[in-house]
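Open your viewer and keep the selection box handy. We will stop at two ligands, then a cavity, then two spots on the backbone.

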Amino acid sequence: MKKQETVCKVAFVGSECYPFVKTGGLGDVMYALPRALIREGCECRVILPLYACIKDQYKQKMQYKGSFMMDLTLEGRTFYVGIMELEMDGVIYDFIDNREFFDWGNPYTGLWEDIPKYCYFSKASLAALNYLEWIPDVIHCHDWQAALVPLYLKTKFWNCDLKKSKSMLTIHNLRFQGICGIQHLKYWSGLSDGLFDYPVLKQADDEANMFKGGLAYADAITTVSATYAKEIQTPEYGERLDAHLRYHSTRMKGIVNGIDTDIWNSSTDKLLAAPYDVTDVLEKKWENKEALREQLGLSRDDGSKIMIGLVSRLTDQKGLDLVDAIMPEIMDGRTQVIVLGTGDPRYENAFRYYEEKYPGDVCAYISYNEGLAHRIYAGTDAFLVPSLFEPCGLTQLIAMRYGTIPIVRETGGLKDTVLPYDEETQEGNGFTFVTYKPDQLLKAVDSAKDLFFGDRQKWDAMVKRDMMKDVSWEQSAKQYLEFYKELMA
Ligand code: ADP
Ligand code: GLC
């Protein structure tokens with residue numbers, strides 16, 4: 001068969017990627033988007049740090065591709081850069097090896113160490129591409145950890161072939177920006193003084209901001225939903241960068257995330273008690289629910305209770321203050337709640353408290369657990385994502401794909417992906433609210449319960465509608481490719 005001609009060569013640079021290392025949705029996107037782009041005819045490489053926490057099963061498959069010394073810091077100290085490579089389903093993964101930076105942490109340890117770590121990683125990623133003589137059309141960088149790539153590209157790498165490459169920087173979460181004292185960043189990045197001015201890296205007296213600099217220098221900016229692209233240009237959501245983003249907005253687009261529909265496929269999912277598709281979801285969801293109750297020690301019932309799930313990093317971003325405020329009202333004797341997550345002890349303890357207070361009806365599983373996450377998406381009836389802000393959000397997409405009705409706040413990607421249920425037209429995918437207030441969330445939860453208990457046929461129709469909704473990467477990968485082509489033109 002004739003090999004398809006490559007339409008675009010893309011290098012992804014970011015700090016996490018499933019299945020090697022993942023703390024949240026960034027890891028999912030770094031895995032799924034390159035695979036979707038390959039289906040569109042792209043060639044993709046993903047560049048990642050070789051963290052110690054990456055499992056041996058992957059490390060053993062890696063091949064040594066070479067090493068060299070690279071200068072970093074104002075003093076021009078030199079550091080080892082090793083390149084370890086692995087191919088998986090057509091995507092090439094290049095891991096940057098340096099024990100000094102990556103041998104501890106999971107993968108983040110705290111800003112003081114993370115700033116040097118990701119200065120090193122950003123520069124080493126470009127140096128590795130140069131060493132491998134693989135010149136991408138687009139270097140697609142993700143979040144603040146890779147934000148210095150566009151700056152290095154247009155300064156330190158301007159005298160080599162890489163200068164032909166365009167850079168794109170995607171904002172997955174503007175909350176985290178890589179902010180530190182100017183001297184600290186000046187020292188570690190080794191970037192020239194001229195860049196430490198207000199239009200680029202400087203944010204305030206003695207404050208440097210890596211994301212800000214990257215956004216100023218990237219050839220293109222994207223974020224993970226159209227609504228978040230608008231929101232971050234306002235002071236409410238802009239995390240102090242709203243004016244900077246308004247200034248650079250002509251180069252910015254919002255492209256909504258998808259999910260990998262092979263991993264998140266309820267009919268082939270080996271982690272489920274009873275795999276299912278849209279034709280047998282109603283019976284099988286019941287089996288999955290029973291198995292989940294059994295596994296988590298929740299009380300069995302005759303089928304009269306609604307089960308609500310929540311899988312999340314436990315941070316204030318996720319609207320957990322609202323959930324905390326209304327838990328006593330949610331727990332009305334006909335409801336069970338399962339929370340899976342880790343994070344802020346404030347929320348971990350709040351959910352532990354409710355587990356004790358409502359034995360058999362609340363489960364607070366304070367941990368990170370991929371298998372259990374799959375079983376919760378499959379076994380619950382409704383799924384909570386009442387976020388304070390949400391750049392895109394993947395959990396509501398997975399929930400819908402598994403026939404679980406999302407209850408979300410209309411912000412960022414939640415607004416763009418969950419159409420509110422409309423009683424009259426019988427359209428919509430879930431229950432939504434706008435204002436960030438406990439009573440508004442409660443109203444949405446109560447509307448969900450009214451339909452679940454009051455008109456199961458209509459509820460079931462929504463379950464099926466959600467399973468049929470296109471939440472794959474296909475359309476969004478096409479939009480990225482269009483944007484790459486605009487840059488290459
Ligand atoms: P964010 O990136 O802000 O954390 P997303 O909704 O984009 O939020 O992505 C979260 C991803 O992490 C999803 O794949 C979700 O299933 C997963 N996840 C979050 N917490 C856990 C957990 N405790 N155990 C397993 N998976 C989790
Ligand atoms: C971030 C955001 C989340 C988004 C994910 C992947 O972690 O918090 O909303 O889905 O990145 O883009």
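Which polar backbone atom lies 3.0 Å from an oxygen atom of ligand 2? Select Cys392: a polar backbone atom of this residue is the partner. A polar contact here is a pair of N or O atoms within 3.5 Å; within protein, one must be able to donate a hydrogen and the other to accept it, and residues adjacent in sequence count only if both atoms are side-chain atoms.

Before moving on, note that this is a predicted model, in which local features need pLDDT of at least 70 and side-chain atom pairs count only at pLDDT 80 or more, while totals for chains, interfaces and linings use all residues. Residues are numbered from 1 along each chain as its sequence is written, chains are lettered from A and ligands numbered from 1 in the order in which they are written, and side-chain values use heavy atoms, with hydrogens and water left out.

**Stop 1: ligand 2**

Stay with ligand 2 and add His172, where a polar side-chain atom sits 2.6 Å from an oxygen atom of the ligand. Gln317 also offers a polar side-chain atom, 3.0 Å from an oxygen atom of ligand 2. On its own, ligand 2 has 310 Å² of accessible area, and the protein covers 94% of that (Shrake-Rupley method, 1.4 Å probe; for residues, only the protein chains shown count as cover).

Now select the shell: 14 residues surround ligand 2, each with a heavy atom within 4 Å of it. Helix H1 gives the most to this shell, with three residues. Helices (H or I, at least four residues) and strands (E, at least two) are DSSP runs, numbered from the N terminus. Colour by domain next: at least three shell residues come from each of domain 1 (9–258 + 474–488) and domain 2 (281–468), with bounds from an automatic or database domain assignment.

**Stop 2: ligand 1**

Move to ligand 1, which 21 residues surround; the closest are Gly25, Arg313, Lys318, Tyr377 and Leu394. Show the side chain of Asp28, which has an N or O atom 2.8 Å from an oxygen atom of ligand 1. Backbone atoms take part too: a polar one of Asn369 is 3.0 Å from a nitrogen atom of the ligand, and an N or O atom of Leu394 lies 2.8 Å from an oxygen atom of ligand 1.

Of the 560 Å² of accessible area that ligand 1 has on its own, the protein covers 93%. Which element gives the largest share of the shell around ligand 1? Highlight E13, the source of three residues. Both domain 1 and domain 2 supply at least three residues to this shell.

**Stop 3: the largest cavity**

Keep Asp28 and Leu394 selected, and add Ala32, Trp264 and Trp473: these are among the residues that line the largest cavity. About 70 Å³ of space lies inside. On a 1 Å grid over the protein atoms alone, a cavity is a set of points where a 1.4 Å probe fits but cannot get out, and lining residues have an atom within 4 Å of a point. Grid points are joined across faces, edges and corners, and a volume is the space filled by probe spheres set on the points.

**Stop 4: two backbone spots**

Most residues other than glycine have a negative phi, and most peptide bonds are trans. Zoom to Tyr18 and Pro19, joined by a cis peptide bond with omega of about 0°. Pro19 belongs to the loop between strand E1 (8–13) and H1.

Finish at Glu133, which has a positive phi of about 55° although it is not a glycine. You will find Glu133 in the loop between helix H4 (111–132) and strand E6 (138–142).

Definitions and conventions
1 Å grid on protein atoms, 1.4 Å probe; cavity = no way out; pocket = protein on both sides within 12 Å on 5 of 7 lines; lining within 4 Å.
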